[in-house]
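Work through the exercises below with the sequence and the model open side by side. Try each task before reading its solution.

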Amino acid sequence: MPSSSTVLAVDDVLPNLNASALANHPYYPLEVEIVGYLANDWTVPHLLGAFATGCAVIFAATYLVTKRVRPALPTSELLTIMWFVLCGCIHLFFEGFFAYNFQTLGGSQHLFGQLWKEYALSDSRYLTQDPFVLCMESITAFCWGPLSFVIAYMIATEHPLRHPLQTVVSLGQLYGDVLYYATSLFDYFLMKVEYSRPEAYYFWCYFVVMNAFWIVIPGVLIWNSVRAAGRAFGALQRMERSLMATNGALKKIS
């Protein structure tokens, strides 16, 4: 006859087994409904390879065009242009695809749809029409996406509004990413809802590392823009004081 502890252990396992049997998808929580879900046609290496190749092509094309237009551009500025062009492409086209197709993403076999389904293994909210994720991604796609291309152009042409706009877009990226992390952690610690599969790979590589770029790099760019603004205002103040001193001296002479 089984012991009481064995019965308790079986009772603990049965709900998970039942949920796994009922779910037609690999996402967590297992009982969440994914409308029209279809498994991906492409393998994970093919999907990740396609994404990496796309990023490499964007970087290479941006590098070649920028070097042709501004061959003497400092390396730091060249890297910043490459960053914003990549952001523009990811925000406008990849995240824009999600914002436009969020209702049918579970059954999509488009390359971007399959990439989103792969990423959603670390955050199933992308397949459940979550209001926060949809609003955050829509703002990112249709505001920060086009403006990222504008900033890249402004850097290449040394436009005086480059740093104000860079601060706005970078702060928007940083703020959206912080809220993205915060809402997920709130649900995990307080609501006991977990959106990522239990394998560490999905949480650390997809959820943490891939999103951390939009915290670290925008943070550095905001700092650089604040310093540039400080230098500009400092130079203006010194020029105004010098001009006032010159005018004062001229008045005394006259």
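The exercises that follow treat the core, a helix pair, the cysteines and some backbone details.

This is a predicted model, in which local features need pLDDT of at least 70 and side-chain atom pairs count only at pLDDT 80 or more, while totals for chains, interfaces and linings use all residues. Residues are numbered from 1 along each chain as its sequence is written, and side-chain values use heavy atoms, with hydrogens and water left out.

**Exercise 1. Identify which residues of the largest nonpolar core touch the most other members, and which elements give two or more residues to this core.**

Start from the definition: a nonpolar core is a set of buried Ala, Val, Leu, Ile, Met, Phe, Trp, Tyr and Cys residues joined through side-chain atoms within 4.5 Å. Buried means under 20% relative accessible area, exposed over 50%, and partly exposed in between, with a 1.4 Å probe and protein chains only. The largest core holds 47 residues, and those that touch the most other members are Tyr27, Ile81, Phe84, Phe98, Trp116, Tyr119 and Tyr126. Next, two or more residues come from each of helices H2 (44–69), H3 (75–101), H4 (111–119), H5 (131–157), H6 (162–189) and H7 (200–253), where helices are DSSP runs (H or I, at least four residues) numbered from the N terminus. The largest share, 13 residues, belongs to H3. Finally, take Phe84: with residues up to four places away in sequence not counted, Phe84 touches Ser148, Ile151, Ala152, Ile155, Gln166, Val169, Ser170 and Leu221, a contact being heavy atoms within 4.5 Å.

**Exercise 2. Describe how H6 and H7 pack, and how the residues of their contact divide by type.**

The axes of H6 and H7 lie 8 Å apart, at an angle of about 145°; axes are lines fitted to C-alpha atoms over the stretch in contact, and angles run from 0 to 180 degrees between N-to-C directions. On the H6 side the participants include Gln166, Leu174 and Tyr181, and on the H7 side they include Phe207, Trp214 and Leu221. The residues of this contact divide into 14 nonpolar, nine polar and one charged, with Ala, Val, Leu, Ile, Met, Phe, Trp, Tyr, Cys and Pro counted as nonpolar, Asp, Glu, Lys and Arg as charged, and the others, Gly among them, as polar.

**Exercise 3. Explain why Cys87 forms no bond with the closest cysteine sulfur.**

A disulfide is a pair of cysteine sulfur atoms within 2.5 Å, and a search of the whole structure finds zero of them. For Cys87 the closest cysteine sulfur, in Cys89, is 9.5 Å away, and therefore too far for a bond. Cys87 is buried, at 0% relative accessible area. Cys205 is likewise in no disulfide, the nearest cysteine sulfur being that of Cys55, 16 Å away; Cys205 is partly exposed, at 34%.

**Exercise 4. Locate the cis peptide bond from Tyr28 to Pro29, and the positive phi values of Gln129 and Lys192.**

Most residues other than glycine have a negative phi, and most peptide bonds are trans. The bond from Tyr28 to Pro29 is cis, with omega near -5°, and Pro29 lies in the loop between helix H1 (4–22) and H2. Gln129, with phi near 55°, sits in the loop between H4 and H5 and is partly exposed, at 37% relative accessible area. Lys192, with phi of about 60°, belongs to the loop between H6 and H7 and is exposed, at 68%.
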